[in-house]
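Me: I would like a close look at one part of this model. Please take the charged pairs as the starting point and work outward from there.

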Amino acid sequence: TILNIVQNSWVEIKDKSGKTLVSRVLQAGDRYFVPDSPDLLMSLGNSGGVEIIVDGEKLRPLGEVGKVQRNISLDAASLKKNFGAKTQ
């Protein structure tokens, strides 16, 4: 899973024990490669400014520009199910 930052956004990723892997503002143009680990949760300060790519597929936005989203599961299957391209 890759986070492609298209607008500056605060990004926080924690594991199930609450340990923080990242908690900072990522700048437009940054890419963050999410560790392949189960039970990671992400919070975003600008959910419309972050593109998520899972297995080469760009997912739908997680929210609007400027909208805060918390506790988003980074499980690939969950992301694809909730934010994958709509079926034809």
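By its relative accessibility, does K16 count as buried or exposed? Please go on from that residue to its partner, to the other salt bridges, and to the strands and core around them.

Reply: This is a predicted model, and what follows should be read with that in mind. K16 has a relative accessibility of 69%, and because the cut-off for exposed is over 50%, K16 counts as exposed. K16 forms a salt bridge with D39, with 3.9 Å between the closest N and O atoms. D39 has a relative accessibility of 44% and therefore counts as partly exposed. K16 sits in the loop between β2 and β3, while D39 sits in the loop between β4 and β5, so the pair ties together parts that are 23 residues apart in sequence.

The loop that carries K16 belongs to a hairpin. Strands β2 and β3 run antiparallel and are joined by six bridges. One pairing is that of K14, whose bridge partner in β3 is T20. Five residues lie between the two strands of this hairpin, and G18 takes a positive phi near 95° there.

The structure holds three salt bridges, the pair of K16 and D39 being one of them. In another, E51 is bound to K58, and the closest N and O atoms are 3.2 Å apart. K58 counts as exposed, at 53% relative accessibility. The remaining pair is K80 and D55, whose side chains meet at 2.7 Å, N to O. K80 lies in helix α1 and D55 in the loop between β6 and β7, so this salt bridge ties together parts that are 25 residues apart in sequence. K80 is partly exposed, with a relative accessible area of 33%, whereas D55 counts as exposed at 64%.

The strands on either side of D55 come next. Strand β6 covers residues 50–54 and is joined to β7 by two bridges, the strands running antiparallel. V54 has E57 as its bridge partner in β7. Both strands belong to an open sheet of four strands, in the order β4-β1-β6-β7, with antiparallel pairing. Strands β4 (31–33) and β7 (57–58) stand at the edges with a single partner strand each, so one side of each has no neighbour in the sheet.

Strand β6 also takes part in the largest nonpolar core. That core has 20 residues, and L3, V11, I13, M42, I52 and L79 touch the most other members. At least two residues each come from β1 (2–5), β2 (9–14), β3 (20–26), β5 (41–44), β6 and α1 (76–83). Strand β6 gives the most, with three residues. Beyond residues up to four places away in sequence, L79 touches T1, I52, V54, L59, I72, S73, L74 and G84. V54, the bridge partner of E57, is thus also listed among the contacts of L79.

M42, one of the core residues with the most contacts to other members, also touches Q69. Q69 is in strand β8, which spans residues 69–73. Outside its neighbours within four places in sequence, Q69 is in contact with M42, S43, L44, S47, L62 and G63. Towards L62 there is a polar contact as well: the side chain of Q69 reaches the backbone oxygen of L62 at 2.8 Å.

Terms used. Residues numbered from 1 in each chain as written. Predicted model: local features only at pLDDT ≥ 70, side-chain atom pairs only at ≥ 80, totals over all residues. Heavy atoms only, no water. Polar contact = N/O pair within 3.5 Å; in protein donor to acceptor, adjacent residues only side chain to side chain. Contact = heavy atoms within 4.5 Å. Pairing = 2+ DSSP bridges. Core = buried A, V, L, I, M, F, W, Y, C linked by side-chain atoms within 4.5 Å. Buried < 20%, exposed > 50% of the residue type's maximum accessible area, 1.4 Å probe, protein only. Salt bridge = Lys/Arg side-chain N within 4 Å of Asp/Glu carboxyl O.
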